[in-house]
Amino acid sequence: MLDSRTTLLDALREHLALTGSKKGCDHGQCGACTVLIEGRRINSCLTLAVMHDGSRSPPSKGLALGDDLPPGSAAFVEHDGFQCGYCTSGQICSTIGMLPKSRLGMPSYVTEDLDASGR
């Protein structure tokens with residue numbers, strides 16, 4: 001049971017102990033809180049938890065299958081795509097959420113050298 005004003009970010013971090021998503025600006029501008037909900041990228045600081053009751057969301061730490069990283073996460077490791085690491089989980093979730101849209105030809109800022117494997 002949550003207060004109806006609880007953001008999805010606070011519900012994940014404070015009530016479910018899923019701390020992969022970070023609280024950055026709390027205004028939806030930095031992307032540190034980005035999560036995937038039903039395959040869509042969401043700024044979890046800008047949405048209420050009650051709006052997603054029953055939705056499916058893999059935590060950023062849960063995107064790996066055992067010791068095997070998904071292509072987006074593996075590419076971050078392989079190409080040293082980390083900065084300080086604080087917003088890395090949001091960047092990885094955003095990358096994974098963006099790839100299907102790119103494959104459908106939806107406009108984005110993705111360069112042409114990004115292939116279908118996510119690298």
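The legends below walk through several close-up views of a predicted model.

**View 1. The whole protein chain, with three helices and two strands.** Let us start with the overall layout. Following the sequence, the elements come in the order α-β-β-α-α. The protein chain has 119 residues, and 34% of them are buried. Among contacts with a separation of 6 or more, 48% are between residues 24 or more positions apart. The exposed area of the protein chain is about 7,800 Å², with 53% of it supplied by carbon and sulfur atoms.

**View 2. Helix α1 and its buried residues.** Here you can follow α1 through residues 8–15. Which residues of this helix are buried? They are Leu8, Leu9, Asp10, Ala11 and Leu12. Part of what covers them is β1, at residues 34–37. Alanine 17, a residue with a positive phi, follows the helix.

**View 3. Two positive phi values in the loop between α1 and β1.** If you like checking backbone torsions, this is a good place to stop. Most residues other than glycine have a negative phi. Alanine 17 has a positive one, near 55 degrees, and aspartate 26 has a positive phi near 65 degrees. Both alanine 17 and aspartate 26 are found in this loop. Exposed or partly exposed: how does alanine 17 count? Its relative accessibility is 61%, so alanine 17 counts as exposed. Aspartate 26 counts as partly exposed because its relative accessibility is 37%.

**View 4. The hairpin of β1 and β2.** The two strands run antiparallel, and four bridges join β1 to β2, which covers residues 40–43. One of the bridge partnerships to look for pairs isoleucine 37 with arginine 40 in β2. Two residues lie between the strands, and in this turn glutamate 38 has a positive phi of about 50 degrees. The side chains of β1 are worth a look too. Thr34 and Leu36 point one way, while Val35 and Ile37 point the other. Are these four residues of β1 buried or exposed? All are buried.

**View 5. A nonpolar surface patch of Leu48, Val50 and Met51.** Together these residues have about 270 Å² of accessible area. To place the patch along the chain, look for leucine 48 in the loop between β2 and α2. Leucine 48 counts as partly exposed because its relative accessibility is 31%, and patch members need over 30%.

**View 6. Helix α3 and what covers it.** This helix takes in residues 88–103, which is 16 residues. From the first C-alpha to the last, α3 reaches 23 Å, close to the 22 Å expected at 1.5 Å a residue. Its buried residues are Thr88, Ser89, Gly90, Ile92, Cys93, Thr95, Gly97, Met98 and Leu99. What helps to cover the buried residues of α3? The cover includes β1 and β2, together with α2 at residues 71–78. Just as β1 is part of the cover of α3, so β1 also appears in the cover of α1. After α3 comes glycine 105, which has a positive phi near 85 degrees.

Methods
Residues numbered from 1 in each chain as written. Predicted model: local features only at pLDDT ≥ 70, side-chain atom pairs only at ≥ 80, totals over all residues. Heavy atoms only, no water. Buried < 20%, exposed > 50% of the residue type's maximum accessible area, 1.4 Å probe, protein only. Contact = heavy atoms within 4.5 Å. Pairing = 2+ DSSP bridges. Expected span 1.5 Å × (residues − 1). Areas by Shrake-Rupley, 256 points an atom, 1.4 Å probe, with all protein chains shown as cover. Patch = residues over 30% accessible without salt bridge, like charges linked within 9 Å, V, L, I, M, F, W, Y side chains within 5 Å. Salt bridge = Lys/Arg side-chain N within 4 Å of Asp/Glu carboxyl O.
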